[in-house]
Amino acid sequence: MVSFLPLRKEFLARFAAGLAPLGFRKSGNNFYRKTDYGRDIIRLQFTTSPNDCFEVNVHIGVRHEAVEKIREEFSGVVD
């Protein structure tokens with residue numbers, strides 16, 4: 001079985017370098033940037049298969065602070 005750790009590290013480094021000019025900061029497999037409305041989030045998930053392949057799943061999130069405050073008011077849960 002092939003070790004994908006070096007390739008994964010290289011992918012993350014290049015992805016981080018590409019996002020840095022856009023204001024994103026890396027934290028593990030996550031990339032964040034603050035915005036006027038909250039935060040933009042990009043999360044990478046790496047999966048491998050037995051046939052020596054791997055894939056990268058990209059999850060994109062947008063956190064709106066105003067929406068979070070409304071949710072907190074109604075649920076009573078504060079992050």
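Helices (H or I, at least four residues) and strands (E, at least two) are DSSP runs, numbered from the N terminus. The model is predicted: local features need pLDDT of at least 70, side-chain atom pairs count only at pLDDT 80 or more, and totals for chains, interfaces and linings use all residues. Residues are numbered from 1 along each chain as its sequence is written, and side-chain values use heavy atoms, with hydrogens and water left out.

**Exercise 1. State how many helices and strands the chain has, and what pattern they follow along the sequence.**

Solution.
- Step 1. The chain holds 2 helices and 4 strands.
- Step 2. Read along the sequence, these elements give the pattern α-β-β-β-β-α.
- Step 3. The radius of gyration, taken over C-alpha atoms, is set against the globule rule, 2.2 Å times the number of residues to the power 0.38. For 79 residues the rule gives 12 Å, whereas the chain has a radius of gyration of 16 Å, well over that value, so the chain is more spread out than a compact globule.
- Step 4. The C-alpha trace spans about 50 × 30 × 15 Å along its principal axes.

**Exercise 2. Determine the order of the strands in the sheet and describe how they pair.**

Solution.
- Step 1. Two strands pair if DSSP finds at least two bridges between them.
- Step 2. The 4 strands form an open sheet in the order β1-β2-β3-β4, with antiparallel pairing.
- Step 3. The edges are held by β1 (25-27) and β4, each with a single partner strand, so one side of each is left without a neighbour in the sheet.
- Step 4. β1 and β2 run antiparallel and are joined by 3 bridges; Lys26 stands opposite Phe31 in β2.
- Step 5. β2 (residues 30-34) pairs with β3 (residues 38-49) in the antiparallel sense over 5 bridges. Lys34 has Arg39 in β3 as its bridge partner, and the two strands form a hairpin with 3 residues between them.
- Step 6. The antiparallel pairing of β3 and β4 extends over 12 bridges, with Arg43 opposite His59 in β4. This hairpin also has 3 residues between its strands, and Asp52 in the turn has a positive phi of about 60 degrees.

**Exercise 3. Identify which strands each helix lies across, and give the angles.**

Solution.
- Step 1. Axes are lines fitted to C-alpha atoms, for helices over the stretch in contact (heavy atoms within 4.5 Å). Angles run from 0 to 180 degrees between N-to-C directions.
- Step 2. Helix α1 lies across β1, β2, β3 and β4 and runs at about 160 degrees to β3.
- Step 3. Helix α2 (residues 65-75) lies across β3 and β4, at about 75 degrees to β4.

**Exercise 4. Describe the aromatic pair of Phe4 and Phe54 and its surroundings.**

Solution.
- Step 1. Rings of Phe, Tyr and Trp (its six-membered ring) pair if their centres lie within 6.5 Å; planes under 30 degrees apart count as stacked, over 60 as edge-to-face and the rest as tilted.
- Step 2. The whole structure contains 5 aromatic pairs. In one of them, Phe4 and Phe54 are tilted, at 5.0 Å centre to centre and 50 degrees between the planes.
- Step 3. Phe4 lies in the segment before α1 (5-19) and Phe54 in β4 (residues 53-64), so the pair ties together parts that are 50 residues apart in sequence.
- Step 4. Buried means under 20% relative accessible area, exposed over 50%, and partly exposed in between (1.4 Å probe, protein chains only). Phe4 is buried at 16%, whereas Phe54 is partly exposed at 27%.
- Step 5. Phe4, Phe11, Phe15, Phe31, Phe46 and Phe54 form one aromatic cluster.
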